[in-house]
Amino acid sequence: MSDDTAMSEREVMHLESSDLERMDLEVVDLDLDDDSDAMVHRVNGWLEAVLRSFHEKRADDEHRAKWVAALRADGSRLRGVYERGGLPFATDVPVATFSHLTKRLNTGSRQLPVRMITDVTVAPTHRRRGIMRRLMTANLADAAAQGLPLAVLTASEGSIYGRFGFGVATHEDAVRIDTTSRFRLRERPDDGERIVIVDPDASDAVRTAYERFHEVTRGSLERPAYYEGWLRGYDWEEQGEDRAHRVAIRLDAQGRPDGFVAWKFKDAGDHREVSVGDLVGATPPARIALWQFVADLDLADIAVARTANLDPLPWAVTDPRVITTTGRPDHVWVRILDVAAALSARPWFADDEVTIRVRDALGHADGTWTVTASGGTAVVRRSAATADVELDVEALGALYLGDVRVDDLAEAGRIVGRADGIRRFAQLTDGGPTPHCATHF
Ligand SMILES: CC(=O)SCCNC(=O)CCNC(=O)[C@H](O)C(C)(C)COP(=O)(O)OP(=O)(O)OC[C@H]1O[C@@H](n2cnc3c(N)ncnc32)[C@H](O)[C@@H]1OP(=O)(O)O
C-alpha cells in the first residue's frame, strides 16, 4: 500500500463500525457453527435478506438447511448489518448482507487463492447511505491483510463496482442455437469419445470433468459447494427438486470424464427449446461433441445458453448462422489487491522490463511497479523509476486475465503513456488464450 493514500485495516474497520453506530446500526459476523437459537435466527434472517433483495421467494426449512450446509462446506464468512435492538420493528432480518469465501483462480499460469465476494445487499429502506461502501472497503482491507492478492465478484449492475477498483476480466456468450437439421458439423470429433446420459447424482464424474476444465482454463474459478446440489437437480431459485433437469457426461478415449452438459426441455409455445444450464468441456473436441449432443436431442428446435466458452463451435459448423449471439455479458470482475503477488502469478508474453504507475483510490495497489519479464514469468517490484505507462487499478484488473488488449484500453483513454511505452506494455501483457469462467456466484 502507498503510505500516503491507504488506511490501515484497523482504521477502516473502526470507521465502518463507528459510522454505522451513528446510524443506529450494528455489524455482526455470523458464526455458522453456532447452533444457539439466537444465531440460527440471525442466519435465517440473513438468508431472508438476501432472497428478498434478489426478488426470490422466502426460504422453507429444507432450503435453509441446504443453503447453510453449502455455506459451511465453503467456509463462507457472513456479515450482517442490523438495526439496534431498541428500535421499533427492529428484526433479525439485517438491513445489509455481505459474504465472502476463498477459492482458486486459474490465472493462465498458476492457481491463485482469491477472495470471492457475494451476496452483497442493502435493504431499500437503507440504500444510498454508504452502507455497502463501508462493507466493501472493510472487506477489501481484510482480504489484503489476509494476504490475498486479488478479489473477484460478479455484478448485478455494471456501474457499481468500478469505483472500488474491480475491472471486467471475463465475458460470457448468450446464444441461441438452431438445432434443427441446419445444425451440421464440418467434421464430427473422432477422438474415441463417448457421451453417456447419467443420473443427476453422478456427481463424481461431473466433478472430475469440471476439475479438468478448471486446471487448463485461464480465468476459471473453483466452484462453490452449491453447484453440487444444482447438478443433482436441486433448483435453488424454485427451492425444490427440478425433475426436468438432465445430465450427460463425455468420456475421453481412456474413459475419463472430460466434459458434461446439464439441460432441461422447455415448451416455449411457438418453438421447442432446450435450455442448457451448464456445458463444460476440458478440450475443444469435448465442447464440440457436447454441442452436437445438444443438437441431437429430438423434439427440440432451439438451444439457449449462457456459456463460458463457445469456442470453437462457430468455426466447426457448416453454417455459422445457426448460432445467434444474443449478448456478451460481463462475468468475472477482478480487483487487484497486491500488485507484486498478482502480476507475478500471471503469464507474460515478451522478455522486457516495463514500469507502470497504478492509481488506486483505496490504496492497496497504488504506486509504481516494475515488471521484469523473461521466459513467460515476471518479477514485479515497487520502483522509483519513471513509469512507461499509467493506468488505474480497475483497468489493471480488466487486463489481468487477458480478456482485453492494452491497445483497446489505451484507445479508450484508460492507459496513458508515450506510444513506445504502450507498445512495449502491450507486447509484454497481451497474448495467451481468452479467459473463460464457468462459475456463477
Ligand atoms: C457482488 C454482488 O453481490 S452483486 C449484487 C449487488 N446487490 C444487488 O444488486 C441487490 C439490490 N441492490 C442493493 O442491495 C443495493 O442497492 C446495493 C448493494 C447495490 C448498493 O448498496 P448501497 O448501500 O445503497 O450502496 P452505497 O450507498 O454504499 O453506494 C456506494 C457507491 O455505489 C454507488 N451505487 C450503489 N448502488 C448503485 C447502483 N445500483 N448503480 C450505480 N451505482 C450505485 C453509489 O452511488 C455510491 O457511489 P459513491 O460512493 O461513489 O458516491
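Start with an open sheet: seven strands in the order 1-2-3-4-5-16-6, with mixed pairing. Select its two edges, strand 1 (25-30) and strand 6 (167-168); each has a single partner strand, so one side of each is left without a neighbour in the sheet. Keep in mind as you go that this is a predicted model.

**Stop 1: the middle of the seven-stranded sheet**

Select strand 3 (96-106) together with strand 4 (111-122). These two strands run antiparallel and are joined by 10 bridges. To see one of the pairs, show Thr 102 and look across to strand 4, where its bridge partner is Arg 115. Now move to the turn of this hairpin, which has four residues between the strands. Click on Gly 108 there: its phi is positive, near 105°.

Next, add strand 5 (residues 150-153), which runs parallel to strand 4 and is joined to it by two bridges. Go back to Arg 115, whose bridge partner in strand 5 is Ala 151. Then pick Met 116, which has Val 152 of strand 5 as its bridge partner.

With strand 5 still selected, bring in helix 4, which packs on the sheet. Helix 4 touches strand 2 (77-83), strand 3, strand 4, strand 5 and strand 16 (333-336). If you line up the view along strand 3, the direction of helix 4 makes about 35° with that of the strand.

**Stop 2: the ligand**

Now centre on the ligand and show the residues around it. Which residues come nearest to the ligand? Of the 21 around it, they are Val 120, Arg 127, Met 132, Arg 133 and Ser 156. Two elements from the previous stop turn up again here: strand 4 (111-122) and helix 4 (131-145) each supply at least two residues of the shell. Strand 4 gives the most, with six residues. Colour the shell by residue type and you will find eight nonpolar, six polar and seven charged residues.

**Stop 3: the annotated domain**

Select residues 38-186, where UniProt, in an unreviewed entry, places the feature "domain: N-acetyltransferase". This span is 30% helix and 28% strand, and its end C-alpha atoms lie 62 Å apart.

**Stop 4: a five-stranded sheet**

Move along the chain to another open sheet, with five strands in the order 19-18-17-20-21 and mixed pairing. Its edge strands are strand 19 (377-382) and strand 21 (415-417), and each of them pairs on one side only. Neighbouring strands of this sheet are turned by 30° against each other on average, direction ignored.

Zoom in on strand 18 (residues 367-374), which runs antiparallel to strand 19 and is joined to it by six bridges. Here Ala 373 stands opposite Ala 378 of strand 19.

Then select helix 12 (residues 419-429), which lies across strand 17 (352-359), strand 18, strand 20 (389-392) and strand 21. Helix 12 runs at about 105° to strand 17.

**Last stop: colour by confidence**

Finally, colour the chain by pLDDT. The mean is 93, and 96% of the residues reach 70 or more. For the model, the scores are ipTM 0.97 and pTM 0.95. Where does pLDDT stay under 50? Select residues 1-5 to find that stretch, for which the model has nine contacts beyond four places in sequence. Where pLDDT is low, the predicted coordinates should not be read in detail.

How values were computed
Residues numbered from 1 in each chain as written. Predicted model: local features only at pLDDT ≥ 70, side-chain atom pairs only at ≥ 80, totals over all residues. Near = placed C-beta within 6 Å. Nonpolar A, V, L, I, M, F, W, Y, C, P; charged D, E, K, R; others polar. Pairing = 2+ DSSP bridges. Axes fitted to C-alpha atoms, helices over the stretch in contact; angles between N-to-C directions. Contact = placed C-beta atoms within 7 Å. pLDDT = per-residue confidence, 0-100. UniProt positions renumbered as here; feature names shortened; annotations may be inferred.
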